[in-house]
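Here is a short tour of one protein model. Keep the sequence and the 3D view open as you read.

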Amino acid sequence: MMNELYPGPTLAAPALPDWVQQLAQQARRVSTSCGDGDLVWHVWGQPREGVPPLVLFHGGSGSWTHFVRNIEALVGAGRELWVPDLPGFGYSAVSPLGGDADAMVEPLYEGLRSLLGPRPCDLLGFSFGGMTAGLLLAAHPELASRLVLVGAPAMGVVPQRQFELKAWRHLLTPEAQADIHRYNLAALMLHDTTLIEGLALQVHAANVRRDRLPRRRLAHTDILARSLPSVSCPVWAIYGEHDALYKSWITQLASAFEASTPDFRGLTLVPEAGHWVQFERPEAFHSAVLAALG
C-alpha cells in the first residue's frame, strides 16, 4: 500500500488523513532547481496587491505538513503562502552544497528569485527552518521585508542539549517504530502529550521517513545569533513557553535577540505550548503571526 504524499511501504509511511490529502491537492505545486533535482514548493491562496507573499520554512525532519494546522487560517486571513519542502526533506532533492542549513541558502535564494522576482516576501521559519531563514537573510537581506522566527535554535543561550531523541529506523514493526515516534514527539515537539496520538503522530512518522540529512549539527551552535546582525529587516520571535530546545533557558531568549538583531520587534511566548507551537496552539500562533505581519 502506498501513501499519496509520501510514497513507500506502509511500515514506514502511515496514511495521512483524507483532509490532509485534500489540502495538498488544493496547492499549486512548482519546482525550482536544487542540484541534480528539484526544490518543491507548495502554494496556497492568491496574490493580493500590496501584500507580500508569505513564505514558510518548516523544521528539521519535516515538510510543509509542519504547518498543516495553519495553512487554511493564514490563507483565510488573506495571505498567499509559498511553502517549500526544504532541500533534503519531503519531496525536495538534497542540496549539492551539503547537508545542513548553510547548504540550503543558495538553492532557496535562487528559488525565491526565480518564483517571486525582485519582490520581497514576508518570511517565517520554524525551528531548523528559522535558523535557515536567518542564514538566508544574512546573505541576501533584500529577499524579505519581515522575518518571523518560530522556535528557532542556535541563539547561543543553552549550555548543552536539553533533550535526547531515540533511533527508530532499525526497528522492524510499525508498532515499535510508533512507540519511538511517540517518545520523540514528547521529548522535543509537544508539551501537551495528549496531542501525540492521531494527526501529530501521523505527520511526524511520515516526515521523518523522508529526512535524508542525518548529520545536522548547526542547530547546536550559536550560528543564528551570529547571523542576525546582518539581517536588516524587522524581526519577531514566537516560541512556546515550554520549548524543549530551551527549557529554563528560555528566559534568556529576549535579551539574546535584542543583543544580536538590529531591528528586533519582540518575543511572544505562547502559554501551554512546546516546540511545535503552531501545531499545539494554532489560534494563539495565528494571532501572534498576524500581529507581526500587520
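Contact here means heavy atoms within 4.5 Å. With that rule, Trp 249 touches Val 157, Val 158, Pro 159 and Gln 162, leaving out residues up to four places away in sequence.

Two notes on the source come next. This is a predicted model: local features need pLDDT of at least 70, side-chain atom pairs count only at pLDDT 80 or more, and totals for chains, interfaces and linings use all residues. Residues are numbered from 1 along each chain as its sequence is written, and side-chain values use heavy atoms, with hydrogens and water left out.

## Trp 249 and Val 157

Helices (H or I, at least four residues) and strands (E, at least two) are DSSP runs, numbered from the N terminus. Trp 249 sits in the loop between strand 7 and helix 8. Its partner Gln 162 is 87 residues away along the chain, yet their C-alpha atoms are separated by 9.6 Å.

Is Val 157 buried or exposed? Buried means under 20% relative accessible area, exposed over 50%, and partly exposed in between (1.4 Å probe, protein chains only). Val 157 has 11% relative accessibility, so it counts as buried. Trp 249 has a relative accessible area of 28%, so it is partly exposed.

Val 157 lies in the loop between strand 6 and helix 5. Not counting residues up to four places away in sequence, it touches Tyr 246, Trp 249, Gln 252, Leu 253 and Ala 256. Pro 120 is another matter: Val 157 and Pro 120 are 37 residues apart in sequence and 31 Å apart in space, C-alpha to C-alpha.

## Three more loop residues

Now look at three further residues in loops.

| Residue | Loop between | Relative accessible area |
|---|---|---|
| Arg 215 | helix 6 (196-209) and helix 7 (223-227) | 67%, exposed |
| Lys 247 | strand 7 (235-240) and helix 8 (253-260) | 42%, partly exposed |
| Glu 272 | strand 8 (264-270) and helix 9 (277-280) | 41%, partly exposed |

Check the backbone of Lys 247. Its phi is near 50°, a positive value in a residue other than glycine. Glu 272 is not a glycine either, and its phi is positive at about 55°. For Arg 215, take a distance instead. Its C-alpha atom and that of Trp 41 are separated by 24 Å, with the two residues 174 apart along the chain.

## The core and helix 4

A nonpolar core is a set of buried Ala, Val, Leu, Ile, Met, Phe, Trp, Tyr and Cys residues joined through side-chain atoms within 4.5 Å. In soluble globular proteins, nonpolar side chains tend to be buried together. Which members of the largest core touch the most others? They are Leu 123 and Met 155, out of 94 residues. Beyond its neighbours within four places in sequence, Leu 123 contacts residues including Val 55, Phe 57, Ala 133, Leu 136 and Leu 137.

Helix 4 covers residues 128-139, which makes 12 residues. From first C-alpha to last it reaches 17 Å, close to the 16 Å expected at 1.5 Å a residue. That expected span is 1.5 Å times one less than the number of residues. Helix 4 is mostly covered, with 10 of its 12 residues buried. Among them are Phe 128, Met 131, Ala 133, Leu 136 and Leu 137. The buried residues of helix 4 pack against strand 3 (54-57), helix 3 (105-116), strand 5 (121-126), strand 6 (144-150) and helix 7.

## Open and closed spaces

Spaces are searched on a 1 Å grid over the protein atoms alone. A cavity is a set of points where a 1.4 Å probe fits but cannot get out. A pocket is an open set with protein on both sides within 12 Å along at least five of seven lines. Lining residues have an atom within 4 Å of a point. Grid points are joined across faces, edges and corners, and a volume is the space filled by probe spheres set on the points.

The largest pocket holds about 1,200 Å³ of space. It has 45 lining residues, and Arg 161, Phe 163, Leu 165, Arg 216 and His 220 are the closest to its centre. Helix 5 gives the most to this lining, with four residues.

The largest cavity holds about 30 Å³. Its lining includes Leu 112, Arg 113, Pro 120 and Leu 143. Helix 3 supplies the largest share of that lining, three residues.
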